[in-house]
Amino acid sequence: MSTPDQGFTEFFRNCLPVVTRTLTALSGDSRVVEDIAQDAMVIARHRWHDIHAYDKPEAWVLKVAIRLLRRWQQRDRETPVAALPDVAEPSDEVEALHAALRELSPRHRETVALHHLLGYSVSEIAAVLTVGESTVRTHLTRGRAELRRILGGSDE
């Protein structure tokens, strides 16, 4: 007989690093990323009886985590978003990309990170961010163009 908790431990082990990496790429503030990721996982644990049957329960957790991050950013506007580096120093290229991502508007940053860092499709991003697919495509196009400008690349 299966219990409602069945599978959550494995899901937690696989999902927490993904959520943490995504939030780090989006915010750069390691002080809150771990707390927010864990808060999202606690919420997922309480809703596990519903979300375990979803096609991508990880997307649901990312949606919750991004909303929690946005709330934190709104409350803590006076703190620079990229105030502290990660404990494990990433390569110069990765840090440059993360810094450039943090310069994008929040929605462009979210769509570009979900698509290029996590490999989510346009339809999956639309579901996570609760927007239309055409909106996601627009944000991806504009976000990529802005990243090219920030990183000194061509607009072509």
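The paragraphs below go through the helices of this predicted model, their packing, the salt bridges and a few single residues.

The protein chain contains 8 helices and 0 strands. Read from the N terminus, its elements follow the order α-α-α-α-α-α-α-α. Of the 156 residues in the protein chain, 39% are buried. Among the contacts in the chain with a separation of 6 or more, 68% are between residues 24 or more positions apart.

Two helix pairs, both involving α4, show how the helices pack. The first joins helix α1, residues 8-27, to helix α4, residues 57-75. Their axes lie 10 Å apart, and the packing angle is about 40°. This angle makes α1 oblique to α4, because angles under 35 degrees would count as roughly parallel and those from 65 to 115 as roughly perpendicular. The crossing of α1 over α4 is right-handed. On the α1 side the contact is made by F11, C15, V18, V19, T22, L23, L26 and S27. On the α4 side the residues are P57, E58, V61, L62, A65, I66, L69 and Q73. By type, the residues of this contact comprise 12 nonpolar, 3 polar and 1 charged.

The second pair is α2 with α4. Helix α2 covers residues 30-46, and its axis comes within 9 Å of that of α4, with a crossing angle of roughly 135°. The two helices are therefore oblique to each other, since an angle has to be over 145 degrees to count as roughly antiparallel. This crossing, too, is right-handed. From α2, the residues R31, V32, I36, D39, A40, M41, I43 and A44 take part. They meet W60, V61, V64, A65, L68, L69 and W72 of α4. The residues of this contact divide into 13 nonpolar, no polar and 2 charged. V61, A65 and L69 of α4 appear in the contact with α1 and also in the contact with α2.

The charged side chains come next. Side chains of opposite charge can pair when their charged atoms come close. With a limit of 4 Å between a side-chain nitrogen of Lys or Arg and a carboxyl oxygen of Asp or Glu, the model has 6 salt bridges.

One of these links E124 to K56, with the closest N and O atoms 3.2 Å apart. E124 belongs to helix α7, residues 122-129, while K56 sits in the loop between α3 (48-51) and α4, so the pair ties together parts that are 68 residues apart in sequence. Both partners are partly exposed: E124 has a relative accessible area of 23%, and K56 has a relative accessibility of 36%.

Another salt bridge is formed by D50 and R47, whose closest N and O atoms are 3.5 Å apart. D50 is partly exposed, at 33% relative accessible area. R47 is likewise partly exposed, at 34%.

A further salt bridge lies within helix α6, residues 106-117. Here R107 pairs with E110, and the closest N and O atoms are 3.7 Å apart. Because R107 and E110 are 3 residues apart in this helix, about one helical turn separates them. The two partners fall into separate accessibility classes: R107 is partly exposed, with a relative accessible area of 23%, whereas E110 is buried, at 5%. The pair is also part of a network of salt bridges that links R70, R107 and E110.

Helix α6 also holds H108. With a relative accessibility of 15%, H108 counts as buried, because the limit for buried is under 20%. Leaving aside residues up to four places away in sequence, H108 touches H139, R142 and G143.

The last residue considered here is T130, in the loop between α7 and α8 (133-151). T130 is not a glycine, yet its phi is positive, at about 50°. Its relative accessibility is 47%, so T130 counts as partly exposed; a residue has to be over 50% to count as exposed.

Conventions
Residues numbered from 1 in each chain as written. Predicted model: local features only at pLDDT ≥ 70, side-chain atom pairs only at ≥ 80, totals over all residues. Heavy atoms only, no water. Axes fitted to C-alpha atoms, helices over the stretch in contact; angles between N-to-C directions. Helix = DSSP H or I, 4+ residues; strand = E, 2+ residues; numbered from the N terminus. Left-handed = near helix turned anticlockwise from the far one by under 90°. Contact = heavy atoms within 4.5 Å. Nonpolar A, V, L, I, M, F, W, Y, C, P; charged D, E, K, R; others polar. Buried < 20%, exposed > 50% of the residue type's maximum accessible area, 1.4 Å probe, protein only.
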